[in-house]
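The following account leads through a predicted model, beginning with one chain and ending at the surface between two. Please keep the sequence and the coordinates in view while reading.

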Amino acid sequence: MDALKEGLLKLDPGLLLWTIITFIVLVLILWKAAWKPIVNSLDSRAEKLRGDIEKAEKARLEAEAVLNKNKEILDNAKDETAKIIAEGKVNAEKIRSEIIAKAGQEAGDITERAKREINTAKERALGELKLEIVNIATDIASKIIVKNLKPEDQEAIVKDALSKVDSIQ
Amino acid sequence: MFRLLQIINFLPASAEGGHGEEESVGAMVVHHLGDNLPHFWPISYINEHLLNEKLFGIFDMRITSLVLMMWLVAVLLIVIFVPVARALKKETVSRSKWVNMWEALVSYVHDDIVAPNFDHHYAKKAMPYFCTLFFFILLSNLMGLIPGLRTSTGNLAVTAGLALLTLLGIIGVGIIKQGPLSYFIGLVPHGVPAALYVLMLPIEIVSLFIKPFSLTIRLFANMTGGHVVVIIFLYLVMMFQSYWVGIGSVAGALMIYFLELLVAFIQAYIFTSLSAMFIGSSLHAH
């Protein structure tokens with residue numbers, strides 16, 4: 001036990017003083033040469049990190065705003081497209097029915113005109129036919145009249161005609 | 001601690017019969033952990049011719065091996081941290097893993113030891129002391145794990161010296177920041193009735209001195225304890241003179257060795273952290 005007390009549990013005042021001297025000298029040396037620059041660099045980095053984080057937060061908010069705006073624009077565009085498509089459909093329907101109606105009308109017109117043309121052609125043909133028939137009939141009649149007219153009859157007709165002329169005068 | 005040392009002293013009696021080993025385990029422990037005077041030049045010359053007289057009749061200033069160990073640690077700290085500081089001054093963000101490692105440890109000391117106990121303004125001023133304290137104790141603790149070197153923090157005088165500086169810090173900071181009179185009055189918490197005050201003041205003054213005392217004993221006992229266990233484990237081999245015991249005791253010693261690695265960090269942290277807490281709390285009256 002004495003050996004331990006002498007060896008392990010001995011509090012040597014000289015060693016204690018050496019410890020204090022060594023430690024204080026070490027603190028003084030490292031103060032200026034090491035700790036000050038290291039702590040400064042840590043501080044400046046912490047400051048920089050704080051700034052960076054703030055910047056990142058700002059950038060995130062900005063990005064979010066832009067995203068929201070884009071979303072809004074996209075939504076608007078979607079609405080717009082839907083509206084345009086619906087309008088287009090309605091227009092197309094309208095145009096279709098219009099075209100059909102017009103086509104129908106045109107077809108009707110064409111038929112009408114064709115009918116009219118046919119009628120005129122028929123009428124003209126009939127007129128010509130009538131004229132021909134009249135001519136032929138006149139021819140035949142004149143031939144018959146020439147063959148059957150007696151001089152007295154002719155005289156009677158001429159007289160009659162002359163009397164008419166007289167009556168008019 | 002004492003119980004352990006008593007057990008160690010009993011061991012040789014049973015061991016001596018088995019073999020011719022003269023050295024008792026107690027002597028072995030003292031030989032490995034105690035302080036001694038180096039026998040090489042120029043230290044021996046300086047010791048014999050320049051420092052052979054006691055300073056003020058009390059302080060035996062001869063350079064012992066533990067003093068040399070402290071100087072080695074001090075030189076190591078300077079060699080490590082001055083280039084690190086220079087590298088960090090040059091570029092705030094270093095690529096070097098070496099620089100980053102030490103820087104991480106410094107920022108650990110700052111964030112976990114100093115910052116919780118000091119306001120931002122004081123933290124910067126307190127950093128040099130606590131950084132030096134932490135790394136000095138850490139490296140001293142780790143020194144003992146290298147064969148041939150010794151743990152200076154495994155000696156009562158060294159830990160007492162460090163704790164004495166902390167005590168001076170507690171009282172000094174208290175007197176400077178609160179004023180001498182209000183500091184000693186402020187030792188007793190506010191709102192204590194006058195009758196209790198008479199009782200409380202001595203208790204608080206005693207507790208003021210118990211703080212560094214507990215720091216001293218804690219660090220010393222932890223660093224010594226691990227080494228003693230390692231030595232006992234290895235001594236078992238000599239005691240039993242058997243290969244099988246050798247395997248077991250080397251494995252045991254190795255485990256304690258790894259535990260020591262952990263304890264070296266933990267004790268450096270505890271000593272520094274408690275010092276920071278004590279000194280930080282004397283900044284303001286409470």
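The paragraphs below take up chain B, then one of its residues, and then the contact between the chains.

The model is predicted, so that local features need pLDDT of at least 70 and side-chain atom pairs count only at pLDDT 80 or more, whereas totals for chains, interfaces and linings use all residues. Residues are numbered from 1 along each chain as its sequence is written, chains are lettered from A and ligands numbered from 1 in the order in which they are written, and side-chain values use heavy atoms, with hydrogens and water left out.

Chain B contains 10 helices and 0 strands, where helices (H or I, at least four residues) and strands (E, at least two) are DSSP runs numbered from the N terminus. Of its 286 residues, 47% count as buried, that is, under 20% relative accessible area with a 1.4 Å probe and protein chains only, with exposed meaning over 50% and partly exposed in between. Among contacts (heavy atoms within 4.5 Å) in chain B between residues at least 6 apart in sequence, 70% join residues at least 24 apart. The area that chain B exposes is about 14,800 Å², and carbon and sulfur atoms supply 71% of it; accessible areas come from the Shrake-Rupley method with a 1.4 Å probe, and for residues only the protein chains shown count as cover.

Within this chain, B:L72 belongs to helix α4, residues 65-90. B:L72 has a relative accessible area of 33% and is therefore partly exposed. Leaving aside neighbours within four places in sequence, B:L72 is in contact with B:M143 and B:L149. B:L149 is 77 residues from B:L72 in sequence, and their C-alpha atoms are 10.0 Å apart.

Turning to the interface, 38 residues of chain A are in contact with 58 residues of chain B. The two chains bury about 4,300 Å² between them, 81% of it on carbon and sulfur atoms; buried area is the accessible area (1.4 Å probe) that two parts lose on being put together, summed over both. In chain A, the residues that lose the most area to chain B are A:L8, A:F23 and A:W35, together 17% of what that side buries.

The chains are also joined by 2 salt bridges, each a side-chain nitrogen of Lys or Arg within 4 Å of a carboxyl oxygen of Asp or Glu. One of them links the side chains of B:K124 and A:D43 at 3.5 Å, N to O.
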